Amino acid sequence: MAQSKQVVDEVTMKRALTRISYEIIEQNKGLNDLVLVGIKTRGIYLAHRIAKRLEQLEGLQVPVGELDIQFYRDDVHKIDHDHQPDVEGAQLPVNITGKHVILVDDVIFTGRTIRAALDALMDEGRPRKISLAVLVDRGHRELPIRPDFVGKNIPTSLDEQIQVQVSELDGKDGISIERMEG
C-alpha cells in the first residue's frame, strides 16, 4: 500500500516547464542547431511541451525526437528472446550529428536512465553537445550525472517515489510523492 501526496499542481508544473524553456533560450545563442529528445515515456510529452513553448517565445520550431532506452539499461541482464518487448529505439526527425541535443526526462534519480539514454543517443550520431533537462531532480545519484535544466528539486527518501502525471497520458498534470508502506 502506498500513500500519495501531490506536491506540484498543474499551474506550478507549467511554470517549471516555462522556466526550463527560458533557461534553454538564455544558454543558447539561437535555437537553430537545437534538437529536443524526449526519453520514453513522459519525457517525450515534456519535450513536445518545451518545444511548443520555445516556438511561442522565439518563433522557431525546434525538432523533437523520441528515445526508447529499454535495451540500453544496465539493470536488464538477460534478454528473453521469446518475449521481446516492442522497442522503437530512437525516432529522430533530423540527423543529430553536430547538433546540440537536449535530453528531456520527467525525473532524475540514480542517473542510470540518463546513462542509458546517452548510449542510445551516441548510436544515432555524434552531437556537438548534449544537455539534460528534467522536470524533477529527486537526488540520490549513483553516477556523476547532473541535469543542466531543472524544473523542480524535490528531495526524497529512498522509500518514496516521484510520480509525474501528464495530461496527454494520465488525464491531468501534477507531481506526487508516494511513500511505500511496508
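User: Leaving aside its neighbours within four places in sequence, which residues is Thr110 in contact with?
Analyst: Look for heavy atoms within 4.5 Å. Thr110 is then in contact with His140, Arg141, Glu142 and Leu143. Keep in mind that this is a predicted model.

User: Where is Thr110 found?
Analyst: Place a residue by the elements on either side of it. Thr110 is in the loop between β5 (100–108) and α3 (112–122).

User: Is Thr110 buried or exposed?
Analyst: Go by relative accessible area; under 20% is buried. Thr110 has 14% relative accessibility, so it counts as buried. Its side chain also reaches the backbone nitrogen of Arg112, at 3.3 Å.

User: One partner was His140. Where does His140 lie?
Analyst: His140 sits in the loop between β6 (129–137) and β7 (149–153). Its relative accessibility is 30%, so it counts as partly exposed. Check the backbone too. Phi of His140 is near 70 degrees, a positive value in a residue other than glycine.

User: Which peptide bond is cis?
Analyst: Read omega for that. The bond from Lys40 to Thr41 is cis, with omega near 15 degrees. Thr41 belongs to the loop between β2 (34–39) and α2.

User: Now the helices. At roughly how many degrees do the axes of helix α1 and helix α2 cross?
Analyst: Take the distance and the angle together. Helix α1 covers residues 10–27 and helix α2 covers residues 42–58. Their axes come within 9 Å and cross at roughly 60 degrees. That angle makes α1 oblique to α2.

User: Is the crossing of α1 and α2 right-handed or left-handed?
Analyst: The α1 and α2 crossing is right-handed.

User: Which residues in α1 meet which in α2?
Analyst: List each side in turn. From α1 come Met13, Leu17, Thr18, Ile20, Ser21, Tyr22, Ile24 and Ile25. From α2 come Leu46, Arg49, Ile50, Arg53, Leu54, Leu57 and Glu58. By class, the residues of this contact divide into 10 nonpolar, 2 polar and 3 charged.

User: What about the loop after α1? Where does Asn28 lie?
Analyst: Asn28 is in the loop between α1 and β2. Its relative accessible area is 12%, so Asn28 is buried. For a buried polar side chain, look for a partner. The side chains of Asn28 and His100 are joined by a polar contact of 2.8 Å. Beyond its neighbours within four places in sequence, Asn28 is in contact with Leu34 and His100.

User: Let me try a strand. Is Val107 buried or exposed?
Analyst: Val107 is placed in strand β5. With 17% relative accessibility, Val107 counts as buried. Leaving aside neighbours within four places in sequence, its contacts are Val136, Arg138, Ile162 and Val164.

User: How many residues apart in sequence are Val107 and Thr12, and how many Å apart in space?
Analyst: Give both distances. Val107 and Thr12 are 95 residues apart in sequence. From C-alpha to C-alpha, Val107 and Thr12 are 16 Å apart in space.

User: One more residue. What is the relative accessible area of Gly174?
Analyst: The value for Gly174 is 0%, so the residue is buried. Gly174 is found in strand β9 (residues 174–180).

User: Which residues is Gly174 in contact with, leaving aside its neighbours within four places in sequence?
Analyst: Gly174 is in contact with Gln6, Val8, Met13, Gln163, Val164 and Gln165. Met13 is also among the α1 residues that meet α2. Val164 is also one of the contacts of Val107.

Conventions:
Residues are numbered from 1 along each chain as its sequence is written. This is a predicted model: local features need pLDDT of at least 70, side-chain atom pairs count only at pLDDT 80 or more; totals for chains, interfaces and linings use all residues. Side-chain values use heavy atoms; hydrogens and water are left out. Axes are lines fitted to C-alpha atoms, for helices over the stretch in contact, and angles run from 0 to 180 degrees between N-to-C directions. Helices (H or I, at least four residues) and strands (E, at least two) are DSSP runs, numbered from the N terminus. Angles under 35 degrees count as roughly parallel, over 145 as roughly antiparallel, 65 to 115 as roughly perpendicular and the rest as oblique. A crossing is left-handed if the near helix is turned anticlockwise from the far one by less than a right angle, and right-handed if clockwise. Ala, Val, Leu, Ile, Met, Phe, Trp, Tyr, Cys and Pro count as nonpolar, Asp, Glu, Lys and Arg as charged, and the others, Gly among them, as polar. Buried means under 20% relative accessible area, exposed over 50%, partly exposed in between (1.4 Å probe, protein chains only). A polar contact is a pair of N or O atoms within 3.5 Å; within protein, one must be able to donate a hydrogen and the other to accept it, and residues adjacent in sequence count only if both atoms are side-chain atoms.
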